[in-house]
Amino acid sequence: MKRPEQALQKACIKWLRLQYPNVLAFHPPNGRDAGGPHMGKLWKDMGVLAGVPDILVCCPKVDPGPRFVCGMAIELKS
């Protein structure tokens, strides 16, 4: 397999969405592989950062009490 990390990430997203449908799980576009220098500058200006984890998981707020944020960041390596 050419890109095992991509296959692993796709499987993780699929599993998260099936097991936890009320949880927001997504991949931030933190890579700058395509588009050349112009797109790299545009992405940087839009807030893209190197070193951001591969998958971010945000849980809905269940308790109406004090502010509480729930989630996790996942970095995948193959």
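In what order do the elements of the protein run from the N terminus on? The order is α-β-α-β-β, so named in a model that is predicted rather than determined by experiment. In total, the protein has two helices and three strands.

Some overall values describe the chain before its parts are examined. Of the 78 residues of the protein, 17% count as buried. The protein exposes about 6500 Å², and carbon and sulfur atoms supply 63% of this area. Among contacts between residues at least 6 apart in sequence, 46% join residues at least 24 apart.

The strands may be taken next. Strand 1 comprises residues 24–26 and runs antiparallel to strand 2, to which three bridges join it. Within this pairing, A25 has V57 of strand 2 as its bridge partner. Strand 2 is also joined to strand 3, residues 70–74, by five bridges, and these two strands are likewise antiparallel. Here C59 has C70 of strand 3 as its bridge partner. In a regular strand, the side chains alternate between the two faces of the sheet.

Which residues make up the largest nonpolar core? This core has seven residues in all, namely I13, L16, V23, A25, I55, V57 and L76. Helix 1 (4–19) and strand 2 (55–59) each supply at least two residues of this core. In soluble globular proteins, nonpolar side chains tend to be buried together. One member of the core, A25, illustrates how the parts meet: leaving aside residues up to four places away in sequence, A25 touches I13, L16, R17, L56 and V57.

Helix 1 also contains Q9. Is Q9 buried or exposed? Q9 counts as buried because its relative accessibility is 14%, and the cut-off for buried is under 20%. When neighbours within four places in sequence are set aside, Q9 is in contact with H27, D54, I55 and L76. Two of these contacts, I55 and L76, belong to the largest nonpolar core.

The aromatic residues offer a further point of interest. The structure holds one aromatic pair. The rings of W15 and Y20 have their centres 5.9 Å apart and their planes at 75°, and the pair is therefore edge-to-face. The angle decides the description, because planes over 60 degrees apart count as edge-to-face. W15 counts as partly exposed, at 47% relative accessibility, and Y20 is also partly exposed, with a relative accessible area of 43%.

The last stop is E75, found in the segment after strand 3. With a relative accessible area of 41%, E75 is partly exposed, because this value falls between the 20% and 50% cut-offs. Which residues does E75 touch, not counting those up to four places away in sequence? They are V52, P53 and D54. One link to D54 can be specified: a polar atom of the side chain of E75 lies 3.5 Å from the backbone nitrogen of D54. The side chain of E75 also makes a polar contact of 3.2 Å with the side chain of K77. Finally, E75 and G51 are 24 residues apart in sequence, while their C-alpha atoms are 9.3 Å apart in space.

Methods: Residues are numbered from 1 along each chain as its sequence is written. This is a predicted model: local features need pLDDT of at least 70, side-chain atom pairs count only at pLDDT 80 or more; totals for chains, interfaces and linings use all residues. Side-chain values use heavy atoms; hydrogens and water are left out. Helices (H or I, at least four residues) and strands (E, at least two) are DSSP runs, numbered from the N terminus. Buried means under 20% relative accessible area, exposed over 50%, partly exposed in between (1.4 Å probe, protein chains only). Contact means heavy atoms within 4.5 Å. Accessible areas come from the Shrake-Rupley method with a 1.4 Å probe; for residues, only the protein chains shown count as cover. A nonpolar core is a set of buried Ala, Val, Leu, Ile, Met, Phe, Trp, Tyr and Cys residues joined through side-chain atoms within 4.5 Å. Two strands pair if DSSP finds at least two bridges between them. Rings of Phe, Tyr and Trp (its six-membered ring) pair if their centres lie within 6.5 Å; planes under 30 degrees apart count as stacked, over 60 as edge-to-face and the rest as tilted. A polar contact is a pair of N or O atoms within 3.5 Å; within protein, one must be able to donate a hydrogen and the other to accept it, and residues adjacent in sequence count only if both atoms are side-chain atoms.
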